[in-house]
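Trainee: I'd like to learn how to read a fold from a model file. Can you walk me through it?

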Amino acid sequence: MRDESGVSRRAVLAALPAVGLAGCSGVVGGGEAVSMLVAGSLSNAVENGLRPAVDARLQPEAHGSAAAARLVADGGKDPDIVSLADVTLFDALLSVDWLAEFATNALVVAYDPDTGAGRRLSGGRDPWYEVLLAEDTSLGRTDPDLDPLGYRTLFCLELATGYYGTDRDLRKAVPEPDQRYPETQLLSQFETGAIDAAVVYRNMAEQRDYDYVDLPAEIDLSDPALAERYGTTSYELADETVVSGDVISYGSTLRNESERTRDVFETHITGEYLTDFGFTVPDDYPRYTGNVPESLTD
């Protein structure tokens, strides 16, 4: 898709500034800022949607959610706000007093239409899983020990094996161990020709205007009514924490409360920018659990 100047929307979106990686110290250019540690799939939305919507100066830093949670748990970072792509990580790695679930997502198979695999995926000419099984198809993914997208890719492939009744175990047959990338860099691998396809969050594909295959609700981790089915899958992280399949849900908690940080937090979890950047916000979100400060629920 190109605008009147002939520049592709994909190129414009890819050129948007990345989330700052200055560290969550709370100081930017000598002025006090609200520091945020966020999931990689939130980075573009925070930088280009949340930042213009608030008066406070933001200092966001993006990592895979499991890695971000460990940074806080180990004392490596002390952000005002932590937002992760899997709410279970708050209990598993952080043990927070409360959190707010504020958005959901779905898994899709993004692809480069200029490759042989992409042409096969385009228009549903061939089943997507058969294309991924081909020896000449390269599937990029994120590290499941660092990032929920990584282990959700495995969940999706495991669920697809049963859903389609394939002869081969897709979770074992499809992933390539040498093609793991940080979540914030995964889709950029299409530009370099390093990968043909990737299982990604729908918002990631839409923000960069990439072609993608919609997956059935039974395997895309988007439908609350299918949570029990998703829960039949699991993955053991490097620290032996076991995470189970569930509906994709983003959560956030405010760690250092002040008027400034509270205003940013409330805009972060309720802002219209979320849907503008491809996330789904159910009617009952934000949904709070735990010992929530009264200042946020009044």
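Mentor: Sure, we'll go from a sheet to a helix and then to two threonines. Keep in mind that this is a predicted model.

Trainee: Let's start with the sheet. In what order do the 4 strands come?

Mentor: To read a sheet, follow who pairs with whom. Here the order is S8-S9-S7-S10, in an open sheet with mixed pairing. Strands S8 (139-140) and S10 (211-214) each have a single partner strand, so they stand at the edges with one side lacking a neighbour in the sheet.

Trainee: In which sense do S7 and S10 pair?

Mentor: Antiparallel: S7 (residues 107-111) and S10 are joined over 4 bridges. As one example, Ala-110 has Tyr-212 of S10 as its bridge partner.

Trainee: Which strands does helix H7 lie across?

Mentor: Helix H7 (residues 148-164) lies across S7 and S9 (197-201), and runs at about 110° to S9.

Trainee: Now a loop residue. Is Thr-233 buried or exposed?

Mentor: For that, look at relative accessible area; under 20% counts as buried. Thr-233 has 1%, so it is buried. Thr-233 sits in the loop between helix H12 (227-230) and strand S11 (234-236). Beyond its sequence neighbours within four places, Thr-233 touches Phe-155, Glu-158, Leu-159, Val-243, Ser-244 and Gly-245.

Trainee: And the other threonine: what does the side chain of Thr-270 reach?

Mentor: The backbone oxygen of Glu-266, at 2.5 Å. Thr-270 belongs to helix H13 (residues 259-270). Check distances along the chain and in space, too: Thr-270 and Val-281 are 11 residues apart in sequence, and 8.8 Å apart from C-alpha to C-alpha.

Key: Residues are numbered from 1 along each chain as its sequence is written. This is a predicted model: local features need pLDDT of at least 70, side-chain atom pairs count only at pLDDT 80 or more; totals for chains, interfaces and linings use all residues. Side-chain values use heavy atoms; hydrogens and water are left out. Two strands pair if DSSP finds at least two bridges between them. Contact means heavy atoms within 4.5 Å. Axes are lines fitted to C-alpha atoms, for helices over the stretch in contact, and angles run from 0 to 180 degrees between N-to-C directions. Buried means under 20% relative accessible area, exposed over 50%, partly exposed in between (1.4 Å probe, protein chains only). A polar contact is a pair of N or O atoms within 3.5 Å; within protein, one must be able to donate a hydrogen and the other to accept it, and residues adjacent in sequence count only if both atoms are side-chain atoms.
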